[in-house]
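Thanks for asking me to look this one over. Please open the structure beside this note and follow along as you read.

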Amino acid sequence: MRTLVCLSLSLASLAAAPVAPKKKPEPAKPLNTAQKADYAKVIQPMFDAHCVSCHGPKKEKGKLRLDTLEATLKGGKNPTFVIGKPDSSMLLARVFLDRTAGDVMPPKDEKPMTEKQKEALYAFVEGQTIPEELVKAALADTKAALTAAKSAPKAKK
Ligand code: HEC
């Protein structure tokens with residue numbers, strides 16, 4: 001008799017238990033010093049050159065700003081990335097899409113990022129210190145993009 005009561009009691013409490021809350025997206029871990037330095041040196045200039053015109057103080061497409069580390073980690077309508085999980089990063093996925101894909105970032109008409117820039121970004125999201133050779137190559141490409149943008153100002157849309 002005793003066990004029966006117990007059983008029905010626990011069943012009742014099970015039924016009353018609230019629906020399990022939806023799993024929250026993983027919170028971004030704070031970056032270590034080396035990662036912060038890589039972001040400032042390599043990633044932010046890359047975003048400034050290719051993304052901030054639409055994801056910054058003037059425009060906030062997709063509710064996303066990429067003009068500071070805090071804003072980048074905060075994400076937009078969706079999370080951008082979690083360090084150490086490159087394969088579940090929406091931002092990386094869109095940057096690595098084929099240039100013909102509708103969702104590719106920066107959008108089709110914009111100057112694409114180079115392979116070296118993308119590799120550096122991937123390494124950063126992986127959580128590794130960006131290898132020195134890649135840092136140099138990515139910085140050179142970012143500089144070239146900035147120079148090109150300055151010498152040929154685009155007509156305003
Ligand atoms: C010419 C404007 C433009 C540029 C430049 C641009 N984007 Fe976007 N981006 C958009 C628009 C518009 C959206 C919102 C619609 C959508 O999600 O496709 C968007 C959305 C996004 C989103 C999804 C945001 C969310 O939370 O849903 C990501 C991630 C993103 N962009 C990354 C980038 C990155 C990284 C760059 C630079 C390499 C970049 N974008 C450059 C226009 C731009």
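The points below go from the overall fold to the ligand and then to single residues.

1. First, a word on what you are looking at: this is a predicted model. The chain holds 6 helices and 0 strands, and its pattern along the sequence reads α-α-α-α-α-α. Of its 157 residues, 21% count as buried. If you take the contacts between residues at least 6 apart in sequence, 49% of them join residues at least 24 apart.

2. Let us turn to the ligand. Its shell is made up of 23 residues, and the closest are Cys51, Cys54, Lys61, Gly62 and Gly76. Sorted by class, the shell contains 10 nonpolar, 8 polar and 5 charged residues. Which helix gives the largest share of the shell? That is H4, residues 90–96, with 4 residues.

3. Helix H2 deserves a careful look. It covers residues 33–50, and at 1.5 Å a residue its 18 residues should span 26 Å; the C-alpha atoms at its ends are 25 Å apart, so the two values agree. Even so, H2 has a kink of about 40 degrees, and the kink is centred on Tyr39. When you rotate the model, Tyr39 is a handy place to pause, as it is also among the buried residues of H2.

4. What else is buried in H2? Besides Tyr39, you will find Asp38, Val42, Ile43, Met46, Phe47, Ala49 and His50. The cover over the buried residues of this helix includes helix H3 (69–74), helix H5 (115–126) and helix H6 (132–151).

5. The largest nonpolar core numbers 22 residues, and Ile43, Met46, Leu121 and Phe124 have the most contacts inside it. At least two residues of this core come from each of H2, H4, H5 and H6. H2 gives the largest share, 6 residues. For a closer view, pick Met46: setting aside residues up to four places away in sequence, Met46 touches Met113, Gln117, Leu121, Ala138 and Thr142.

6. Two backbone details are worth checking by eye. For background, most residues other than glycine have a negative phi, and most peptide bonds are trans. Here, the peptide bond from Met105 to Pro106 is cis, with omega near -10 degrees, and Pro106 sits in the loop between H4 and H5. The other detail is Lys63, a residue other than glycine whose phi is positive, near 60 degrees. Lys63 belongs to the loop between H2 and H3. Is Lys63 buried or exposed? It counts as exposed because it has 12 or fewer neighbours, the cut-off for that class; the count for Lys63 is 11 C-beta neighbours inside 10 Å.

7. The loop between H3 and H4 contains Val82 and also Pro86. Val82 has 18 C-beta neighbours inside 10 Å and so counts as partly exposed. Pro86, with 19 other C-beta atoms within 10 Å, is partly exposed. Both residues can be placed relative to Val125. The C-alpha atoms of Val82 and Val125 are separated by 7.0 Å, with their positions 43 residues apart along the chain counted as the sequence distance. Pro86 and Val125 are 39 residues apart in sequence and 5.6 Å apart in space, C-alpha to C-alpha. Leaving out neighbours within four places in sequence, Pro86 makes contact with Leu92, Tyr122, Val125 and Glu126.

8. Two more residues round off the tour. Glu119 is part of helix H5 and is partly exposed, with 16 other C-beta atoms within 10 Å. Its C-alpha atom is 10.0 Å from that of Ala137, and the two residues are 18 apart in sequence. Pro131 is in the loop between H5 and H6. With 12 C-beta neighbours inside 10 Å, Pro131 counts as exposed. Where does Pro131 stand relative to Asp38? Their C-alpha atoms are separated by 10.0 Å, although the two residues are 93 apart along the chain. Asp38 itself is one of the buried residues of H2, whereas Pro131 is exposed.

Technical notes
Residues numbered from 1 in each chain as written. Predicted model: local features only at pLDDT ≥ 70, side-chain atom pairs only at ≥ 80, totals over all residues. Near = placed C-beta within 6 Å. Nonpolar A, V, L, I, M, F, W, Y, C, P; charged D, E, K, R; others polar. Expected span 1.5 Å × (residues − 1). Bend = angle between axes of the 7 residues up to and from the residue. Buried ≥ 20, exposed ≤ 12 C-beta atoms within 10 Å, placed from the backbone. Contact = placed C-beta atoms within 7 Å. Core = buried A, V, L, I, M, F, W, Y, C linked by C-beta atoms within 7 Å.
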